[in-house]
Amino acid sequence: KKIKFFLIFGLIVLVLSFLVIPQIAYADPLTALSDTMSRLADSTPTAVYSDHTIRYTTPGGVAAAETMTITMPTGFTIGTVDFTDIDVSWGATTGYENELTLAATCTGTTWGAAFAGQVLTITSCTGTITATNKVVVEIGNNATGGNAQIQNHATAATYTISIAGSFGDTGKLAIVILTNDQ
């Protein structure tokens, strides 16, 4: 009787533990991540500025009211880069099929794009990006009307850019800064 009691008791505890343990949601990994920079040289002894073309494929897409964040490594100087120096587009084939309209903050179908420290937050109000599509984020003079760039780190090394946000997909990509890129 003791063995039967412990078997039944153990089975009840096991079933209840599955019901009580919270479900954990995991973010989908971004794929095909890259950053094409216009300059790879370090900012020593003189400042070197670079355009960035960041690309990735979002498995989950972006729903209305969600954000995508791009965190530049510490030591890269954002300076006066604002939404006028940023272009964001997306699409199934090249990523350039649909150009987002940007402003400092989102409103309606206009997306917000703003740096706070090292973090660029791209915010949707009502706009969406379809799952499994490519996203292209251009930062600097390569953006339409862009007139400010990000200053490269002063030290030659490998650095990591992180992409996340409330849209749920995440990823990291490495960029290399060289002593001399000429």
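This is a guided tour of a predicted model, arranged as a series of selections to make in the viewer.

**The whole chain**

Begin with everything shown as a cartoon: the protein has one helix and 13 strands, and, read along the sequence, the helix comes before the strands in the pattern α-β-β-β-β-β-β-β-β-β-β-β-β-β. If you switch to a surface, the area exposed by the protein is about 9800 Å², with 63% of it supplied by carbon and sulfur atoms. Of the 182 residues in the protein, 38% are buried. Among the contacts with a separation of 6 or more, 67% are made by residues 24 or more positions apart, and several of the stops below show pairs of that kind.

**The six-stranded sheet**

Next, select the six strands that form an open sheet, which runs in the order β7-β8-β9-β4-β12-β13 with mixed pairing. The strands at its edges are β7, residues 102–103, and β13, residues 171–177, each of which pairs on one side only. In general, the strands of a sheet pair through backbone hydrogen bonds, either parallel or antiparallel. Zoom in on β7 and on β8, residues 111–116, where two bridges join the strands in the parallel sense; to see one residue pair, pick L102, whose bridge partner in β8 is W111.

**The aromatic pair**

Which residues should be selected to see the aromatic pair, and how are their rings arranged? Choose F76 and Y159, whose rings meet edge-to-face, with 5.4 Å from centre to centre and 85° between the planes. The structure holds one aromatic pair. F76 sits in the loop between β4 (67–71) and β5 (86–91), while Y159 belongs to strand β12 (residues 157–164), so the pair ties together parts that are 83 residues apart in sequence. Both F76 and Y159 are buried, so a surface display may be best hidden at this stop, given that buried here means under 20% relative accessible area.

**The loop between β12 and β13**

From Y159, follow the chain beyond β12 to S166, which is found in the loop between β12 and β13. S166 counts as partly exposed, at 45% relative accessibility. Leaving aside residues up to four places away in sequence, S166 touches A65, E66 and T67. Add T69 to the selection as well: its C-alpha atom is separated by 8.4 Å from that of S166, although the two residues are 97 residues apart along the chain.

**The salt bridge and the nonpolar patch**

Now move to D181 and R39, whose side chains meet in a salt bridge with an N to O distance of 2.9 Å. D181 lies in the segment after β13 and R39 in the loop between β1 (31–37) and β2 (49–50), so this pair ties together parts that are 142 residues apart in sequence. Side chains of opposite charge can pair when their charged atoms come close. A search of the whole structure finds one salt bridge. Is each partner buried or partly exposed? D181 is partly exposed, with a relative accessible area of 23%, and R39 is likewise partly exposed, with a relative accessible area of 29%.

With the surface restored, select L40, V176 and L178, which make a nonpolar surface patch of about 200 Å². V176 lies in strand β13, an edge strand of the sheet visited earlier, and at 38% relative accessibility V176 counts as partly exposed.

**Backbone geometry**

The last stops concern the backbone, and the general background is that most residues other than glycine have a negative phi, and most peptide bonds are trans. Select T44 and P45 and look at the peptide bond from T44 to P45, which is cis, with omega near 0°; P45 is found in the loop between β1 and β2.

Then select A32, which has a positive phi of about 55° although it is not a glycine. A32 is placed in strand β1 and, at 57% relative accessibility, counts as exposed. Finish at T132, which is not a glycine either and yet has a positive phi of about 70°. T132 is in the loop between β9 (119–123) and β10 (133–139), and its relative accessibility of 55% makes it exposed.

Conventions
Residues are numbered from 1 along each chain as its sequence is written. This is a predicted model: local features need pLDDT of at least 70, side-chain atom pairs count only at pLDDT 80 or more; totals for chains, interfaces and linings use all residues. Side-chain values use heavy atoms; hydrogens and water are left out. Two strands pair if DSSP finds at least two bridges between them. Helices (H or I, at least four residues) and strands (E, at least two) are DSSP runs, numbered from the N terminus. Rings of Phe, Tyr and Trp (its six-membered ring) pair if their centres lie within 6.5 Å; planes under 30 degrees apart count as stacked, over 60 as edge-to-face and the rest as tilted. Buried means under 20% relative accessible area, exposed over 50%, partly exposed in between (1.4 Å probe, protein chains only). Patches are made of residues with over 30% relative accessible area and no salt bridge: like charges are joined within 9 Å, nonpolar side chains (Val, Leu, Ile, Met, Phe, Trp, Tyr) within 5 Å. Accessible areas come from the Shrake-Rupley method with a 1.4 Å probe; for residues, only the protein chains shown count as cover. A salt bridge is a side-chain nitrogen of Lys or Arg within 4 Å of a carboxyl oxygen of Asp or Glu. Contact means heavy atoms within 4.5 Å.
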